[in-house]
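Reader: I am new to this structure and would like a close look at a single part of it. Could you take me through that part slowly, in one connected account?

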Amino acid sequence: MDIEEKYLDITVASNFIKLFKSNHEFSEWLDMGSVRDLECTLKEFEDSELYEYCSIIHQKIVHKRKVEYVQDN
């Protein structure tokens with residue numbers, strides 16, 4: 001498998017999620033992203049029908065939007 005195939009393989013949501021040892025670790029990784037990053041991630045996970053993880057991503061988006069709102073006001 002060449003480098004491009006490896007890259008494409010890990011960018012598939014169902015493979016990417018296997019890189020995390022737990023939902024908590026995945027959630028911590030999500031903390032590093034912006035709302036826009038998380039929206040793109042959510043789309044990929046929805047396309048892969050990984051709804052358990054979509055819920056976690058959605059919760060992070062809601063939380064980050066609330067934090068942004070509070071900081072802006």
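Author: A good place to begin is glutamate 49, which is found in the loop between H4 and H5. The model is a predicted one, and in it glutamate 49, just after H4, takes a positive phi of about 60°. Most residues other than glycine have a negative phi, and glutamate 49 has a positive value although it is a residue other than glycine. With a relative accessibility of 56%, above the 50% that marks the exposed class, glutamate 49 counts as exposed.

Going back from this loop, we come to helix H4 itself, made up of the 13 residues 35-47. At 1.5 Å a residue these should span 18 Å, and the end C-alpha atoms of H4 are indeed 18 Å apart, which agrees. The buried residues of H4 are Val35, Leu38, Thr41, Leu42 and Phe45. They cover an arc of only 115° around the axis, which puts them on the same side of H4. The general background is that an α-helix has 3.6 residues a turn, so residues three or four places apart point the same way. As for what lies against them, the buried residues of H4 pack against helix H2 (13-16), helix H3 (23-30) and helix H5 (51-72).

Two of these partners, H3 and H5, also meet each other: their axes come within 10 Å and cross at roughly 40°, and the crossing is right-handed. On the H3 side the contact is formed by Asn23, Phe26, Ser27 and Leu30, while H5 brings Glu52, Tyr53, Ile56, Ile57, Lys60 and Lys64. Sorted by kind, the residues of this contact divide into five nonpolar, two polar and three charged.

One residue from each helix may be followed a little further. Serine 27, in helix H3, has a relative accessibility of 16% and therefore counts as buried, the limit for that class being under 20%. Once its neighbours within four places in sequence are left aside, serine 27 is in contact with Ile56 and Lys60, both of which are listed on the H5 side of the contact between the helices. Glutamate 52, in helix H5, is partly exposed, with a relative accessible area of 49%. Glutamate 52 and asparagine 23 are 29 residues apart in sequence, and their C-alpha atoms are 9.5 Å apart in space.

Conventions
Residues are numbered from 1 along each chain as its sequence is written. This is a predicted model: local features need pLDDT of at least 70, side-chain atom pairs count only at pLDDT 80 or more; totals for chains, interfaces and linings use all residues. Side-chain values use heavy atoms; hydrogens and water are left out. Helices (H or I, at least four residues) and strands (E, at least two) are DSSP runs, numbered from the N terminus. The expected span of a helix is 1.5 Å times one less than its number of residues. Buried means under 20% relative accessible area, exposed over 50%, partly exposed in between (1.4 Å probe, protein chains only). The arc is that of the directions from the helix axis to the C-beta atoms. Contact means heavy atoms within 4.5 Å. Axes are lines fitted to C-alpha atoms, for helices over the stretch in contact, and angles run from 0 to 180 degrees between N-to-C directions. A crossing is left-handed if the near helix is turned anticlockwise from the far one by less than a right angle, and right-handed if clockwise. Ala, Val, Leu, Ile, Met, Phe, Trp, Tyr, Cys and Pro count as nonpolar, Asp, Glu, Lys and Arg as charged, and the others, Gly among them, as polar.
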